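Here are my notes on this model, set out as numbered points. Please read them with the structure open.

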Amino acid sequence: MGMSLHILTEALDLVGFCDGKYFIDRVAPRLPGGVHITATTAKNGARKSPDFVALDARGRWYVIECKGTQSGPSYCRKQMGLGFAQKRAIEFRGTLKGQLLVTGFDIASAASDTASRLVIIDPKPEDPPLEIGPDDRPLIRDCVARGTIARAMMLAGAPNLSRLMAAPFGDDPRLRADDETTSFRRRRAAQLREEGKDDRKRLTSAGEYLGREMTIELPFEVETAQGSFRQAILRSEILGDVVKEFEEEARRDFTENQDRLARIQLNLAVSRIRTETKERGGPLALGKLYRSMIEFR
């Protein structure tokens, strides 16, 4: 999956990704009239959500299903056939339309007579249960921004803030503001917000970023051309302004009014991942939203 996405990102200039199941669960109930579709966690089949929904730099959207195997080309083709049904769950229309892609990465073993091979297919679409047009652009961009920011919060050490950003009205992203009607749901939503505040208190500050640092003792000494190492220092951080203002955003169903905070979050979330290699480690950054660093000692 990682290799397939890396190649697609470079080839198509992809700048934003969203988990396919989260996208369906979040977007479907909020489309005009509501769409009754439930994405499953099954490995295959028509009800299994695609792996990712992606956005390119020109504003076009893609549905991506990734398959991979070490069992040879024939098995890879079989897996790709199963992937056709999964990418049919969503279709973008009009100016939003990118491609619906199924990738198959056949990883050859050292003893194999053939080389590793990546196959990318854009099968003919059928009638999808979830159709998205240009008028739905604010909703789907909000979904990608929420999913990306939630993932960054989780990596930075704020799991409760992450859940609150992804699903502000309970544990299920399908819940809307008007679903917060029962006493249980009101208590649960309030509990999530309080736990989110506890997350904020645990994060440590590093300039304009908040996050966590951990030291990992390696099980044995690692020898490289740069020296010998026994420890790995990991730092994972999210932009502090996003964390500090989460409450203002979390209480909204979605950012259809595109206010200042919504624009800031969207611009932060839609960005290419950048990495750099240094002598003893290196940084990884997602625009200004998120950064991490690994250093070996």
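**Notes on the predicted model**

1. Start at the loop between α1 and β1, where aspartate 13 has its place. This is a predicted model, and the notes should be read that way. Aspartate 13 has a phi near 60 degrees, a positive value in a residue other than glycine. With a relative accessibility of 30%, aspartate 13 counts as partly exposed, because buried means under 20% and exposed means over 50%.

2. A second aspartate sits in a helix. Aspartate 142 is part of α4. Its relative accessibility is 5%, so aspartate 142 counts as buried. Arginine 26 is 116 residues away from aspartate 142 along the chain, yet the two C-alpha atoms are separated by 9.8 Å.

3. Next, the cysteines. How many disulfides does the structure hold? The count is zero. Why is there no bond between cysteine 143 and cysteine 18? Cysteine 18 has the closest cysteine sulfur to that of cysteine 143, but the distance is 3.9 Å, which is too far for a bond. A disulfide needs the two sulfur atoms within 2.5 Å. Cysteine 143 is buried, because its relative accessible area is 0%. Cysteine 66 also counts as buried, at 8% relative accessibility.

4. Now the largest pocket. Its volume is about 540 Å³. The lining has 23 residues, and Thr9, Phe17, Arg151, Ile273 and Leu286 are the closest to the centre of the pocket. Which elements give two or more residues to this lining? They are α1 (2-12), β1 (14-19), α4 (137-155), β11 (273-275) and β12 (281-286). The most comes from α1, with five residues. By type, the lining residues divide into 12 nonpolar, seven polar and four charged.

5. The sheet deserves its own point. Strands of a sheet pair through backbone hydrogen bonds, either parallel or antiparallel. Here six strands form an open sheet in the order β8-β9-β10-β13-β12-β11, and the pairing is antiparallel. Why do β8 (204-206) and β11 each have a side without a neighbour in the sheet? Both stand at the edges, each with a single partner strand, so one side of each is left free. From one strand to the next, the twist averages 25 degrees.

6. Follow the pairs through the sheet. Strand β9 (residues 209-224) pairs with β10 in the antiparallel sense over 12 bridges. In that pairing, tyrosine 209 stands opposite leucine 239 in β10. Strand β10 (residues 227-239) also runs antiparallel to strand β13 (residues 290-296), joined to β13 by seven bridges. Alanine 232 faces phenylalanine 296 of β13, standing opposite that residue.

7. Last, the hairpin. Strands β12 and β13 pair in the antiparallel sense, with six bridges. Leucine 286 stands opposite tyrosine 290 in β13. Leucine 286 is also one of the residues closest to the centre of the largest pocket. What lies between the two strands of this hairpin? There are three residues between the strands, and glycine 287 takes a positive phi near 55 degrees.

Terms used: Residues are numbered from 1 along each chain as its sequence is written. This is a predicted model: local features need pLDDT of at least 70, side-chain atom pairs count only at pLDDT 80 or more; totals for chains, interfaces and linings use all residues. Side-chain values use heavy atoms; hydrogens and water are left out. On a 1 Å grid over the protein atoms alone, a cavity is a set of points where a 1.4 Å probe fits but cannot get out, and a pocket is an open set with protein on both sides within 12 Å along at least five of seven lines; lining residues have an atom within 4 Å of a point. Grid points are joined across faces, edges and corners, and a volume is the space filled by probe spheres set on the points. Helices (H or I, at least four residues) and strands (E, at least two) are DSSP runs, numbered from the N terminus. Ala, Val, Leu, Ile, Met, Phe, Trp, Tyr, Cys and Pro count as nonpolar, Asp, Glu, Lys and Arg as charged, and the others, Gly among them, as polar. Buried means under 20% relative accessible area, exposed over 50%, partly exposed in between (1.4 Å probe, protein chains only). Two strands pair if DSSP finds at least two bridges between them. Axes are lines fitted to C-alpha atoms, for helices over the stretch in contact, and angles run from 0 to 180 degrees between N-to-C directions.
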